[in-house]
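Here are my notes for someone opening this one for the first time. Have the model up on screen and click along as you read.

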Amino acid sequence: MNVTPKKEAFSKPDAANVRRVALIVAIAFFMQFLDSTIISTSLPQMGQSFGVPAVAMSIGITVYMLTMAVFVPLSGWLADRYGARNIFLVAIAMFTLASLACGFSQNLTEFVAARAVQGLGSALMTPVGRILVLRNASKSELLNATALITWPALFAPVIGPVLGGFITTYLSWHWNFFINIPLGLAGLALVARFIPGDREADPKPLDWPGFFLTSLGLALLLYGLERIAHPEDGILPTLLLIAGGIVIGWLAVRHLAVARHPLLDLSPFKVLTFAISTLAAGTIFRVAINATPFLLPLLFQVGFGLSPVDAGMMILAYFLGNLGMKVVTTPTLRRFGFRSVMVVNGVIASASIMACGAVSPQTPQPLVLALLLIAGLSRSMQFTALNTLAFADIAAEQRSSAATLSSMLQQVAMLFGVAVAAAILNLSQIARAQPALDLVDFRIAFLVIGAIGLVTSFRFMVLPRHAGAEVSGHSPRN
């Protein structure tokens, strides 16, 4: 039976309601992103509790990541078939209950099973949350709404390790999962109360071949990228995984391009603003964005010799930079437009990353903190601009696929950023024939990562001057 969508909920979106929906989605995103970054600090304690080596606990991260990769491609179809609000509620409930199960796990098997369920909830949460925001926001409200749902991805990787270290040290590793319970319950209540229901009028049948090819290709690629950060696991299996992911991904694209009812509509890639900000320059620049939070804690702990707590306090300046930029992002984009901001700010962000390679334990601390503040400010601006521009020209019928494709590519960029940074550090150390990392290795890594961002910044010049003007409110002069 066909279900008529509740178009009245979306025809004239109220600004206050748009912000409310975006904030509710942001709360769920924060729970999700915080969980994925906080766990790494407690793996040794968890291994001790389960009676297994700390290295064996990495399977919890791997299972979570692979489950996400398998089910992310399905999220858009589920949102269209059963309603984005309903699937979002299920995703939050699943993630919350799985977090409770993780905290109460008595052995590694129970923990891995709970993490798999967590990964499923996470796979549905991000793209479906974006779909909810897109369906509730007009183009004039899209920039502010995107800024709200972007902050969890910016802040969680920075504060997660610090918070996780504090909780593990002064409470226990179990509370790294239990803190998700109040966030999840609050999210469920708010979604049920304030977000309207919706459903496609004519949901399409499930494209099983497309689901199989897309999920398998993404899972192999992400697992291969994740293994790059662990060279001790062997390079040949890593290369085979990445190659397999690329080949199957190519087959998936060929299938989706000719399928009558494809799982994912690839037409958003024909939209210039989406293609540039999501697939081409956007993905490459996100490599630099995601590599930096990985490198900074290592720089301060290994290169500077600081304790985890002291390193975390240094990184708080980076966090404050991410937070401080939010108040000026909208007026800056309105004044200068997406193209100018993404080129100029991209250069600033890349230069600040490269400058991180020049600091040393002898560098005055105020100068280091100022640099981190600038790096955080420019990172926040670029991240928000990329995420907003991606959906500036996306038609209503493309939203579900566009949100899913964006989530998939952002996962690739996130793992690729960490993988590239780890590979540079390892190669530099091997080239020096030294048994441990040194400050020079970090200098090389920051220079290479910054150079990647710098070159990519000029790629945004292919955008027209009026790109995203309806969203930003910018009026380019002739």
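Which residues does G346 touch, not counting residues up to four places away in sequence? Keep that in mind; point 2 picks it up.

1. Ground rules before anything else. This is a predicted model, so to speak of local features we ask for pLDDT of at least 70, and side-chain atom pairs count only at pLDDT 80 or more, while totals for chains, interfaces and linings use all residues. Residues are numbered from 1 along each chain as its sequence is written, and side-chain values use heavy atoms, with hydrogens and water left out.

2. Back to G346. This glycine touches F285, V341, Q382 and S457, leaving aside residues up to four places away in sequence; contact here means heavy atoms within 4.5 Å. G346 is found in helix α15, which covers residues 326–356. Helices are DSSP runs of H or I with at least four residues, strands are runs of E with at least two, and both are numbered from the N terminus. G346 counts as buried because its relative accessibility is 0%; the cut-offs are under 20% relative accessible area for buried, over 50% for exposed, and partly exposed in between, with a 1.4 Å probe and protein chains only. For a sense of scale, the C-alpha atoms of G346 and L425 are separated by 24 Å, with their positions 79 residues apart along the chain.

3. Now zoom out. The protein chain has 19 helices and zero strands. Its radius of gyration is 22 Å, which agrees with the value near 23 Å for a compact globule of 478 residues. That radius is taken over C-alpha atoms, and the globule rule is 2.2 Å times the number of residues to the power 0.38. Along the principal axes, the C-alpha atoms fill a box of roughly 65 × 60 × 40 Å.

4. How much of the chain is tucked away? Of the 478 residues, 54% count as buried. The accessible surface comes to about 19900 Å², and 68% of it belongs to carbon and sulfur atoms; these areas come from the Shrake-Rupley method with a 1.4 Å probe, and for residues only the protein chains shown count as cover. Among contacts with a separation of 6 or more, residues 24 or more positions apart account for 85%.

5. Aromatics are worth a look. A search of the whole structure finds 14 aromatic pairs. One of them is W173 with F177, an edge-to-face pair with 6.3 Å centre to centre and 85 degrees between the planes. Rings of Phe, Tyr and Trp (its six-membered ring) pair if their centres lie within 6.5 Å, and planes under 30 degrees apart count as stacked, over 60 as edge-to-face and the rest as tilted. W173 is buried at 4% relative accessibility, and F177 is buried at 1%. These two also belong to one aromatic cluster with F50 and F111.

6. A second pair deserves its own point. The ring centres of F274 and F391 are 6.2 Å apart and the planes sit at 65 degrees, so this pair is edge-to-face too. The pair links distant parts of the chain, 117 residues apart: F274 is in helix α12 (residues 272–279), and F391 is in the loop between α16 (365–389) and α17 (399–432). Both are buried, with F274 at a relative accessible area of 0%. Beyond residues up to four places away in sequence, the contacts of F274 include P268, L279, F391 and L405.

7. Try helix α13 next, which spans residues 281–303 and holds T283. T283 is buried at 13%, and a polar atom of its side chain lies 3.2 Å from the backbone oxygen of L279. Setting aside residues up to four places away in sequence, T283 touches S277, T278, L409 and A413. N290 is also in helix α13 and is buried at 16%. With the same neighbours set aside, N290 touches A413, M414 and V418.

8. Two loose ends. L320, in helix α14 (residues 308–324), is partly exposed at 47%. L320 and F155 are 165 residues apart in sequence, with their C-alpha atoms 9.0 Å apart in space. Finally, how many disulfides does the structure hold? Zero, where a disulfide is a pair of cysteine sulfur atoms within 2.5 Å. As for cysteines, C102 is buried at 0% and C356 is buried at 3%.

Methods. Polar contact = N/O pair within 3.5 Å; in protein donor to acceptor, adjacent residues only side chain to side chain.
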